[in-house]
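Here are some short exercises to help you find your way around a new structure. Try each task on the model before you read its solution.

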Amino acid sequence: MKRRKFITGSSLAGAGVALSPASSLLAANGAEPIQADLLIKSARVYTMDGTRPLAEAVAVMGDRILAVGSNEDLKSLVGPGTREIDGTGTTVTPGFIDAHSHPDGSNEVTGANVNLRSIAEIKAAMHAQAAVTPAGQWVIGNKYDDTKLSEGRPANRRDLDEVVPDQPAILRHRGGHTAVVNSRGMKVAGITVNTPDPEGGSFGRENGELTGFVAEKALLDVIYNAGEWPEITRAVRQQGVALMSRAMVAAGLTSTTDSWGNVESLVAYQDARAAGELLTRLSFMPGGETEFFSNLKSAGIRSGFGDEWIRFGAVKYAADGSASERTMRMSTPFNGRPDDYGILTMNQAEIDAAVDDAVANGWRIGIHTNGDVAIDMALNAYERALQGWTGSNPRFRLEHCSLVNPELLQRIKDTGSVPTPFYTYAHYHGNKWVDYGPEKMQWMFAHRSFLDYGIPVAPASDYTPGPFEPLMAIQSMVTRMDFKGRVWGPNQRISVAEAMKICTINGAYASMEESIKGSIMPGKLADLVILAADPHDAIADEIKNIPVLQTIVGGETVFEA
Ligand SMILES: [Zn+2]
């Protein structure tokens, strides 16, 4: 079959405006000289602009970058109204971009953050959360992770009973599929040690007692339908966006993506923006197969509609299971489970129809495809859609694109597709890669392979399941080393410079916004991060600990350490 090939190139930067010499910015005929609103000087500036990769100073006017150069080049832009930042000893990069996330945060407003490293700390957090939860309502802890606790065991029902004896309480796992519930919670749900497990779910039992562990349908269909849960109102959703926005800019993110948005979240982002609480720019990917998406199409909305703050990206579909929950669809089985190849959630005809519908309605498309079987199916549909294509590269997206091989890599390259593999998983979720084994891990989150094939691989956290912190992402992609010192797929390691490029200019490319962000060049949005140290100089295993000193979005400082 003849395939349409797109030139993407491995270097995305470099096709922009040259440095404007400061002297040329002087207005003609004796008018007032142009004055910068902000000047960062004496810093090590990584521009991601191939024509000038390193600079010393950046000048900003309004929400845009005015000039980039040496202190000397830019000093004539300083006037009485210029805010100056002495960047001596610091490193400046373009604002970091997350091309796949779920940042609406509404759940996090109504619970405690128990992303903590000991059961003792989790108990303290749940005790405090109980004090602010209305009587009778579930006391919620979010982002619980059983595999990283200093006690070396998961939390259980008794741990929760000690701090929340009289109200139902739950620790929700950050992956979303399991939880730990206290005794009162089990009682509210009518669960005893003799209750049979529901189809597709289970309650943990040990020595004739419930442990409090709840999985899959036992959580989704039983626990979530029992008792009184906090109401997620419009105001709560707005608070969620504000909360996440603050956390993300504190980590250096200036742009993120909602990779399965609905009408409620779209309203929440706009409410937060109107209140001055939206600090990160957002690419909004509506969920496909929804009434919401049908309505958007009927209204004539298409990808690209919006502005620099909230813009519609690709429509989002999901064709297979998950990497971290170990259900993605592969051509070979999971380690130790010879009959388990994972699950598909769309067939080829459904994928083809989704792609045709997106193209016909002016939408880009991103299909969640973790396993090699699912990726192959999405590529079949993309190759089919590209037959006879005469326009520019539609940049079809492969969400996650976790497990690849040389044949798939070549097809991804030829179709000009954009993969969004997990950028913090090798480091953060090491315990889960045992089920795949070292052989498969050589081809998972294959950042090295994508770069070697000249594929514009995008930065992607998939928050909440994955941490969004870009410095942890850079460390993870560089070291592939987990918390326990195990290395997963060392052949997929990339350099710090490559990781930083992925987290900036490649993120902009993934949302088709590389002309306005992703590098530090005159005319682009003034989205910048000031780091306390240069990741190139740091010990690779400590990159995630480099402090973010300041995050600037559109010329405004939105976070300061
Ligand atoms: Zn996702």
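**Exercise 1. Find where Thr147 lies, and decide whether Thr147 is buried or exposed, or something in between.**

Solution. Keep in mind that this is a predicted model.
- Step 1: Look between strand S10 (139-144) and helix H4 (157-163); Thr147 sits in the loop that joins them.
- Step 2: Count the neighbours. Thr147 has 14 other C-beta atoms within 10 Å.
- Step 3: Compare with the cut-offs: 20 or more would be buried, and 12 or fewer exposed. Thr147 is therefore partly exposed.
- Step 4: Now look across to Leu408. From C-alpha to C-alpha, Thr147 and Leu408 are 33 Å apart in space, and 261 residues separate them in sequence.

**Exercise 2. Do the same for Phe96, and list what Phe96 touches.**

Solution.
- Step 1: Phe96 belongs to strand S8 (residues 96-97).
- Step 2: With 31 other C-beta atoms within 10 Å, Phe96 is buried.
- Step 3: Leave out residues up to four places away in sequence; the contacts of Phe96 are then Gly252, Leu253, Thr254, Pro470, Cys503, Thr504 and Val529.
- Step 4: Check a partner from far along the chain. Gly507 is 411 residues from Phe96 in sequence, yet their C-alpha atoms are 8.0 Å apart in space.

**Exercise 3. Work out the order of the six strands in the open sheet, and say which strands stand at the edges.**

Solution.
- Step 1: Recall how a sheet is held together: its strands pair through backbone hydrogen bonds, in a parallel or an antiparallel way.
- Step 2: Read the order across this sheet: S3-S2-S7-S22-S23-S24, with mixed pairing.
- Step 3: Strand S3 (54-55) and strand S24 (556-560) each have a single partner strand, so one side of each has no neighbour in the sheet. These two are the edges.
- Step 4: For a parallel pair, take strand S2 (residues 44-46) and strand S7 (residues 91-94), joined by two bridges. Here Val45 has Val92 in S7 as its bridge partner.
- Step 5: For an antiparallel pair, take strand S22 (residues 528-531) and S23, joined by four bridges.

**Exercise 4. Follow Thr551 in S23 to the residues opposite, and describe the turn after S23.**

Solution.
- Step 1: Thr551 in S23 faces Val529, and Thr551 also stands opposite Phe559 in S24.
- Step 2: S23 and S24 run antiparallel, with four bridges between them.
- Step 3: These two strands make a hairpin with two residues between them, and Gly554 in the turn has a positive phi of about 55 degrees.
- Step 4: As for burial, six of the six residues of strand S23 (residues 548-553) are buried.

**Exercise 5. Describe how H11 packs against H10 and against H12.**

Solution.
- Step 1: Two packed helices are described by the angle and the distance between their axes.
- Step 2: For helix H10 (residues 348-360) and helix H11 (residues 372-386), the axes come within 9 Å and cross at roughly 45 degrees. That makes H10 oblique to H11.
- Step 3: The crossing of H10 and H11 is right-handed, and by class their contact holds eight nonpolar, two polar and three charged residues.
- Step 4: The axes of H11 and helix H12 (residues 406-415) come within 10 Å and cross at roughly 30 degrees. H11 is therefore roughly parallel to H12.
- Step 5: H11 passes H12 in a left-handed crossing. Among the residues in that contact are Tyr382 of H11 and Leu408 of H12.

Notes
Residues numbered from 1 in each chain as written. Predicted model: local features only at pLDDT ≥ 70, side-chain atom pairs only at ≥ 80, totals over all residues. Pairing = 2+ DSSP bridges. Axes fitted to C-alpha atoms, helices over the stretch in contact; angles between N-to-C directions. Parallel < 35°, antiparallel > 145°, perpendicular 65-115°, else oblique. Left-handed = near helix turned anticlockwise from the far one by under 90°. Nonpolar A, V, L, I, M, F, W, Y, C, P; charged D, E, K, R; others polar. Contact = placed C-beta atoms within 7 Å.
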